[in-house]
Amino acid sequence: MDSGSVFASLVQAPEDPILGVTVAYNKDPSPNKLNLGVGAYRTEEGKPLVLDVVRRAEQLLVNDQSRVKEYLPIVGLADFNKLSAKLIFGADSPAIQANRVATVQCLSGTGSLRVGAEFLARHYHQLTIYIPQPTWGNHPKVFTLAGLSVKTYRYYDPATRGLNFQGLLEDLGAATSGAIVLLHACAHNPTGVDPTLEQWEQIRQLMRSKGLLPFFDSAYQVVALVVWWITGGQIENMLGFASGSLDADAQPVRMFVADGGECLAAQSYAKNMGLYGERVGALSIVCKTADVASKVESQLKLVIRPMYSNPPIHGASIVATILKDSKMYDEWTVELKAMADRIISMRKQLFDALSARGTPGDWSHIIKQIGMFTFTGLNGEQVAFMTKEYHIYMTSDGRISMAGLSSKTVPHLADAIHAAVTRMG
Ligand SMILES: Cc1ncc(COP(=O)(O)O)c(C=O)c1O
């Protein structure tokens, strides 16, 4: 009975395209149902994972009687901010050394993107932001609601299931000068396709020559790197990173910082520390001078204060505890490697299962793509078929979370893909 309600004229809003997959999954009574929608890591038994090192950090925090529950400053926990900047820009980053980086703790990756976007909408001279096509479904909404005007640049080529590098260069080359450009720092979501370091260098040169402002979204840092190390066999890099000395030029974000130019970076600790629900993240703005960085920070406070006043303390304390202790930091990378190993094993098992079934088409992208997701190339009709007939849930663009698979569920998925491809064309 909604008559008489002041909200009676509201229409029912659709479910979020990504989180709605889980809502539909939860309603399905089938014992064989499988949720490959949301990008959250699952164990081989299909259970969520809390890292041992996170449990240990939490124990330390609980046992520390000196800890209180006072408000954090508007910009968050100082240690957390310093360590987060160090993690993304490198321990020896010249920008950090020169105090040219303003870092604020935000509500995970999404909150960091939103605060960054609100700041840009108020203080940057160009309100257009170019985002890759395709991209994470929340990007256009976050930026539009912050007051930016969203345009896209070509990124993915369905024909090669790889990067449309030419299209990317053309579109950024034709972009309004000074516009903002959103770049996925690594493990592009949903495609799992990243530029090579040589291509990043070309992107950097083009963007700097046109005065385009880079806004990095780093939701998979370290997860992607570990996967890359394992697949690329570049073990020396892994050891280098574990000891804190990974060559700064080896990563796209650091290339853009090394040239002395300005950029923004939104970091999330959801995937790489499994802190999804703790909502821990950071926004860093790299500026030309320490003076500008200080002004930027003061303005970020004015964005944050009326939005949520100040961020929560628990998750940021976990991250800071782990990042500042070299032993715990090393343990973290070992646990990450185990997660990455499992994801890679799932990629191999799914690829082998499709090969064994003789499923038509080239499925090598399953083992080539980077990170948590496989962008299968299945179309909306095939996805709907797999959900209806096989109770397999995924986003309608055909993206599946490899982290949600296990050796037990791979055959079921392979059967479903085989049936979808052979029956639905
Ligand atoms: C590309 C990308 N950016 C940002 C996020 C934000 O995640 P969170 O707000 O949970 O940190 C995600 C999460 O899936 C993502 O895939």
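**Figure 1. The centres of domain 1 and domain 2, taken over C-alpha atoms, are separated by 28 Å.** Welcome to this predicted model, which we begin with its two assigned domains. The domain assignment gives domain 1 as 19-50 + 340-419 and domain 2 as 78-324. Where they meet, 20 residues of domain 1 are in contact with 21 residues of domain 2. On the domain 1 side, H14 and strand E11 (373-375) each supply at least two of the touching residues. Helix H14 provides the largest share of that side, with four residues. Sorted by class, the side of domain 1 that touches domain 2 holds 11 nonpolar, six polar and three charged residues.

**Figure 2. Helix H2 and helix H14 cross at roughly 150°.** Here we look at H2 (residues 52-63) beside H14 (residues 326-357), whose axes come within 8 Å of each other. Because angles over 145 degrees count as roughly antiparallel, H2 is described as roughly antiparallel to H14. On the H2 side of the contact you will find Asp52, Val53 and Ala57, and these meet Met328, Glu331, Trp332 and Glu335 of H14. The contact of H2 with H14 is made of four nonpolar and three charged residues, with no polar ones.

**Figure 3. Gln349 is a buried residue of helix H14.** Let us stay with H14, where Gln349 is found. Gln349 has 20 other C-beta atoms within 10 Å, so this residue counts as buried. Leaving aside residues up to four places away in sequence, Gln349 touches Ser407 and Val410. Another residue to pick out in this view is Ala414: its C-alpha atom is separated from that of Gln349 by 9.5 Å, with the two residues 65 apart along the chain.

**Figure 4. The ligand is surrounded by 13 residues.** Ser108, Gly109, Thr110, Ala219 and Ser268 are the closest of these. Helix H5 (residues 108-123) gives the most to the shell, contributing three residues. As for the character of the shell around the ligand, eight of its residues are polar, four are nonpolar and one is charged.

**Figure 5. Two proline residues follow cis peptide bonds, at Gln133 to Pro134 and at Asn189 to Pro190.** As background for this view and the next, most peptide bonds are trans and most residues other than glycine have a negative phi. The bond from Gln133 to Pro134 has omega near 5°, and Pro134 lies in the loop between strand E3 (128-133) and helix H6 (139-145). For the bond from Asn189 to Pro190, omega is near 15°. Pro190 has its place in the loop between strand E7 (180-184) and helix H8 (197-209).

**Figure 6. Asn99 and Ala187 each have a positive phi.** If you are checking backbone torsions, here are two residues to visit. Asn99, which is not a glycine, has phi near 55°. Asn99 is placed in the loop between helix H4 (94-97) and strand E2 (101-107). With 13 C-beta neighbours inside 10 Å, Asn99 is partly exposed. Ala187, also a residue other than glycine, has phi near 50°. The loop that holds Ala187 runs between E7 and H8. Is Ala187 buried or exposed? Ala187 is buried, because 25 other C-beta atoms lie within 10 Å.

How values were computed:
Residues are numbered from 1 along each chain as its sequence is written. This is a predicted model: local features need pLDDT of at least 70, side-chain atom pairs count only at pLDDT 80 or more; totals for chains, interfaces and linings use all residues. Axes are lines fitted to C-alpha atoms, for helices over the stretch in contact, and angles run from 0 to 180 degrees between N-to-C directions. Angles under 35 degrees count as roughly parallel, over 145 as roughly antiparallel, 65 to 115 as roughly perpendicular and the rest as oblique. Two residues are in contact if their C-beta atoms, placed from the backbone, lie within 7 Å. Ala, Val, Leu, Ile, Met, Phe, Trp, Tyr, Cys and Pro count as nonpolar, Asp, Glu, Lys and Arg as charged, and the others, Gly among them, as polar. Domain bounds come from an automatic or database domain assignment. A residue is near a molecule or strand if its C-beta atom, placed from the backbone, lies within 6 Å of it. A residue is buried if 20 or more other C-beta atoms lie within 10 Å of its own, exposed if 12 or fewer, and partly exposed in between; C-beta atoms are placed from the backbone.
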